[in-house]
Amino acid sequence: FMEDGKALSPKQKTAYDKAVAQVRARNRERKALREDLATLLGLLDLRGAALAWNGWTPAPPPGPGKPEQRFGGFAEPGRTPSLALALPVKAGQGAALAASLQRLWPRLFKGQPQKRPFGTAELTRIRTGQAFNPCFAVVADHLVAGSDDKAVERMVAGLLGQAPTLADVPGEAYGRFELDGPVLARDVEALLLAYLKEGGWQPFEGQNATAEEAAAELAATFGPFLGAVKALGRQTWHLASTPAGFELTPR
């Protein structure tokens, strides 16, 4: 406003000053958050990472009077990818990283902070009331952050030596990943059924299908594909760097 709002009425000036104060407060918080994130990144050794997909996390059931979520014109399946990422921490910086995250995590996500032990580690998550409940732990010189505590638990168990990991597989590959065919087929089938039942696929476009109709259509259209994925079993794949480029092979 011209002349810093001097031409406004008292009521308008009050609202103007309040709006300006809110914008300045948001800018200060944004700047502080960026500085804290930069400090946190400085504590990490970003030369490698491990990613784990632990299937899907179902959303909590809707409460009384709470409308069902809609997505893309059909009912939201209520599932969020269950992912966890492990990043190595610089030597001697684990305690500083954990303290930084304890301050930063509640500012990044809205919800109820919760802590609980898992082995010798401590898991911190934000309970959002949705399928996405961000969680982290600092263990064995690694930061493990994920979309839910189950995914973080699985990766922490590997770092604590309670479960085998891809790091235990011999080889000098550029990278490795494990594929669980039956689990992948099950999750894809659940998502496709949710889509089919809400009229997102011919011949049900624009109308809801019964569970039996959706299952029959799924079996006819995707049955062979899902069967092939399931038949893969549990496999480990290696990514190697060759003169011709990257090469992915099962082992």
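## Exercises on a predicted model

At 55% relative accessibility, Asp141 counts as exposed. The model behind this and every later value is a predicted one.

**Exercise 1.** Determine where Asp141 lies and what is notable about its phi.

*Solution.* Begin with the position: Asp141 belongs to the loop between β7 and β8. Next, take the backbone angle, for phi of Asp141 is near 60°, a positive value in a residue other than glycine. Then turn to Ala140, whose place is in the loop between β7 (135–139) and β8, and which has a positive phi of about 50° although it is not a glycine. Finally, classify Ala140 by its accessibility: its relative accessible area is 42%, so it is partly exposed, given that this class lies between the 20% limit for buried and the 50% limit for exposed.

**Exercise 2.** Decide whether Ser147 is buried or exposed, and list its surroundings.

*Solution.* First locate Ser147, which is found in the loop between β8 (142–146) and α3 (149–159). With a relative accessible area of 10%, Ser147 is buried, because buried means under 20%. Consider next the residues that Ser147 touches, leaving aside those up to four places away in sequence: these are Pro81, Ser82, Leu83, Ala131, Phe132, Asn133 and Pro134. As a last step, look at the side chain of Ser147, which makes a polar contact with the side chain of Asp148 at 3.4 Å.

**Exercise 3.** Identify the residues that form a nonpolar patch on the surface, and the elements that give two or more residues to it.

*Solution.* The patch is formed by Leu51, Trp53, Leu83 and Leu85, which together have about 380 Å² of accessible area. Two elements, β1 (50–58) and β4 (79–88), each give two or more residues to this nonpolar patch. Take Leu51 as one of its members: Leu51 is placed in strand β1, and since its relative accessibility is 64%, it counts as exposed. Leu83, another member of the patch, also appears among the residues that Ser147 touches.

**Exercise 4.** Compare the span of helix α4 with the expected value, then state which of its residues are buried and what covers them.

*Solution.* Helix α4 runs over residues 181–197 and has 17 residues. From its first C-alpha to its last, helix α4 reaches 24 Å, which is close to the 24 Å expected at 1.5 Å a residue. Proceeding to burial, the buried residues in α4 are Gly181, Ala185, Asp187, Leu192, Ala194 and Leu196. The cover over the buried residues of α4 includes β1, β9 (175–180) and α5 (211–231).

How values were computed. Residues numbered from 1 in each chain as written. Predicted model: local features only at pLDDT ≥ 70, side-chain atom pairs only at ≥ 80, totals over all residues. Heavy atoms only, no water. Patch = residues over 30% accessible without salt bridge, like charges linked within 9 Å, V, L, I, M, F, W, Y side chains within 5 Å. Areas by Shrake-Rupley, 256 points an atom, 1.4 Å probe, with all protein chains shown as cover. Salt bridge = Lys/Arg side-chain N within 4 Å of Asp/Glu carboxyl O. Helix = DSSP H or I, 4+ residues; strand = E, 2+ residues; numbered from the N terminus. Buried < 20%, exposed > 50% of the residue type's maximum accessible area, 1.4 Å probe, protein only. Polar contact = N/O pair within 3.5 Å; in protein donor to acceptor, adjacent residues only side chain to side chain. Contact = heavy atoms within 4.5 Å. Expected span 1.5 Å × (residues − 1).
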